[in-house]
Amino acid sequence: MWIWDSFAISVAFRQLRYGIAQALLTMGVVAISVTLIIFLGSLIIGLQVFLIQLITGVIPNIVISQPERRPIPLWQSEGAREPGTLYTGEVPILEQRQAKIEDWQLWVERLPTLDDQISAVSPQVEDNAILSSGANRKGMLVIGVIPERYNRVVDVQKDIGQGTFLALRTNDIAIGEPAAEDLNVGIGDRVRLTTSAGATLTYTVAGIFMTGAEPVDEGTAYVLLGDAQSLFGLGNAVTSIAIRLRDVFEANNVAARLRLQVPYQVDSWMEQNQNLLTALNSQSQSVILIISFTVIAAGFAIASILITAVTSKLQEIGILRAIGATRRQIIGLFTLQSTLMALLGGILGAGLGIAFSIGAYRIRLAGAARPEDVFPIALSPALVLGAIAVALVVGFLASLYPAWRAAKVNPIEVIRGG
């Protein structure tokens, strides 16, 4: 920078050597600030990444289904909105009919060509049934799938602890570990599924999974698509089509585009989990606020230390001015000192922040029953370098006022006063 000439650089390094206590104090303030930024950032970002991955890892990003039948009363129709007309009557109740998609084979092949974000498509049958074993009974959401296709949308196989998902056969079922414990069943045991219409089929437990998402582990069962179609009397139809995206945060945009091309209801995971996303956004804002206050406090602390240094070195500054040092060089001297201390403190704080973050992860890992119970630490080069960059900016800005005060020193008055 133009204010850092050879004179300012040489004097700045000399004063840092002889003013080691002040330098260490300034670096300590910066190091603590950078440590907080990295530690809080890695924990909060890690938690958010964990929650998002947990949700998007157990449900499709987009689901296409048949919309519910909703009758429109006469007085709400377009042709019956004449002012001054009174309508009486009642809203008709349509017969409950299972929503299904008959032409799903066509859309399963066509959907990947409609949007570049779509990476996988899988037909599925979803309905509720009672899963029982002996006297034990449990309500379940039964999902009928083609395992190879569905696993590209939701990777169930990676969460399988016992048995298999990809190798499910006719009359096989995969259930969550908590559900298996409630029903007191294991691999190879027989269970029954009973629908609300009274249809019953017997299945063999072929897979037990544990996703970490309690609603899924407690209340979801997977069977083959054909088995589910028979169980719920759907013939060759399905109830919905599941979609996986390359970027899960594009779900709302892709859903909006698909609504213009698909004659069915299109729902995204972001719309279904709006409350969670709002909470995560609020959490991010809170972290930004905490970090901002930390940075401001560090800036004031550095400025206070430098003002004290200027006050204690008035005579030295006066001598420097008397031997020909310009105001620009005095400003350069103090801004360079502060920036160097901020850099060294930032590097020290980055090391401490990384160490604390990894230490917190290992402590949680040691106390966790399973690795999935540990929130990941989202340490990234961008976070570490960003924290150091913030320290440099704060160090430089905090030095401007003390440097300006030092540059205003009148050498004659200071020397006479000394």
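Of the 418 residues in the chain, 45% are buried. The model is predicted. Begin with the whole chain in cartoon view: it has 14 helices and 10 strands. Among contacts between residues at least 6 apart in sequence, 77% join residues at least 24 apart.

**Stop 1: helix α3**

Select residues 104-114, which form helix α3. Show the side chains of Trp104, Trp107, Val108 and Leu111, the buried residues of this helix. Turn the view to look down the axis of α3: the buried residues fall within an arc of 105 degrees, so they line one face of the helix. On the other side of α3, pick Glu109 and Thr113, which are exposed.

Now add what the buried residues of α3 pack against. The strands to select are β1 (62-65), β2 (118-133) and β9 (240-245). The helices are α4 (147-153), α7 (225-231) and α8 (251-259).

**Stop 2: helix α8**

Keep α8 on screen and mark Ala251, Val254, Ala255 and Leu258, which are buried in this helix. Viewed down the axis of α8, its buried residues lie within an arc of 100 degrees, so they line one face of the helix. Their packing partners include β1, α3, β2 and β9. Also select β10 (265-268) and α9 (269-272), against which the buried residues of α8 pack as well.

**Stop 3: the nonpolar cores**

Which residues have the most contacts inside the largest nonpolar core? Select Ile64, Ile173 and Leu258; the core they belong to has 50 residues. Strand β2 gives the most to this core, with five residues.

Centre on Ile64 and leave out residues up to four places away in sequence. Ile64 then touches Ile101, Leu111, Thr239, Ser240, Ile241, Ile243 and Leu258, and also Val262, Tyr264, Gln265 and Val266. Two of these names have come up already: Leu111 is a buried residue of α3, and Leu258 is buried in α8.

Another core, of 41 residues, lies apart from the largest one. To find it, select Val29, Ile37, Ala325 and Leu333, which are among its residues.

**Stop 4: helix α13 and its partners**

Select helix α2 (residues 20-56) and helix α13 (residues 381-407). The two pack at an angle of about 150 degrees, with their axes 10 Å apart. That angle makes α2 roughly antiparallel to α13. Their crossing is right-handed. On the α2 side, show Val30, Val34, Ile37, Ile38, Gly41 and Ser42, which make the contact. On the α13 side, show Leu383, Val384, Ala387, Val390 and Ala391. Ile37, in this contact, is also one of the residues of the 41-residue core.

Hide α2 and bring in helix α10 (residues 274-312). α10 and α13 pack at an angle of about 35 degrees, and their axes are 8 Å apart. The crossing of α10 with α13 is right-handed. From α10, the contact is made by Val295, Ala298, Gly299, Ile302, Ala303, Leu306, Ile307 and Val310. From α13, select Val390, Val394, Gly395, Ala398, Ser399, Tyr401, Pro402, Arg405 and Ala406. Val390 of α13 takes part in the contact with α2 and in the contact with α10.

**Stop 5: the loop between α5 and β6**

Go to the loop between α5 (177-183) and β6 (190-195), and pick Val185. Is Val185 buried or exposed? It is buried, with a relative accessible area of 11%. Neighbours within four places in sequence aside, Val185 is in contact with Ser133, Ile175, Ala180, Val191 and Val205. Draw a distance from its C-alpha atom to that of Gly134, 51 residues apart along the chain: the separation is 9.9 Å.

Asn184 lies in this loop between α5 and β6. Asn184 is exposed, with a relative accessible area of 65%. Check its backbone: phi is near 60 degrees, a positive value in a residue other than glycine. Most residues other than glycine have a negative phi.

**Stop 6: two more loops**

In the loop between β4 (160-163) and β5 (172-176), select Asn171. This residue, not a glycine, has a positive phi of about 70 degrees. Asn171 is partly exposed, at 32% relative accessible area.

Finish at Gly235, in the loop between α7 and β9. Gly235 counts as exposed, at 56% relative accessibility. Its C-alpha atom is separated by 9.2 Å from that of Glu102, 133 residues apart along the chain.

Notes: Residues are numbered from 1 along each chain as its sequence is written. This is a predicted model: local features need pLDDT of at least 70, side-chain atom pairs count only at pLDDT 80 or more; totals for chains, interfaces and linings use all residues. Side-chain values use heavy atoms; hydrogens and water are left out. Buried means under 20% relative accessible area, exposed over 50%, partly exposed in between (1.4 Å probe, protein chains only). Helices (H or I, at least four residues) and strands (E, at least two) are DSSP runs, numbered from the N terminus. The arc is that of the directions from the helix axis to the C-beta atoms. Contact means heavy atoms within 4.5 Å. A nonpolar core is a set of buried Ala, Val, Leu, Ile, Met, Phe, Trp, Tyr and Cys residues joined through side-chain atoms within 4.5 Å. Axes are lines fitted to C-alpha atoms, for helices over the stretch in contact, and angles run from 0 to 180 degrees between N-to-C directions. Angles under 35 degrees count as roughly parallel, over 145 as roughly antiparallel, 65 to 115 as roughly perpendicular and the rest as oblique. A crossing is left-handed if the near helix is turned anticlockwise from the far one by less than a right angle, and right-handed if clockwise.
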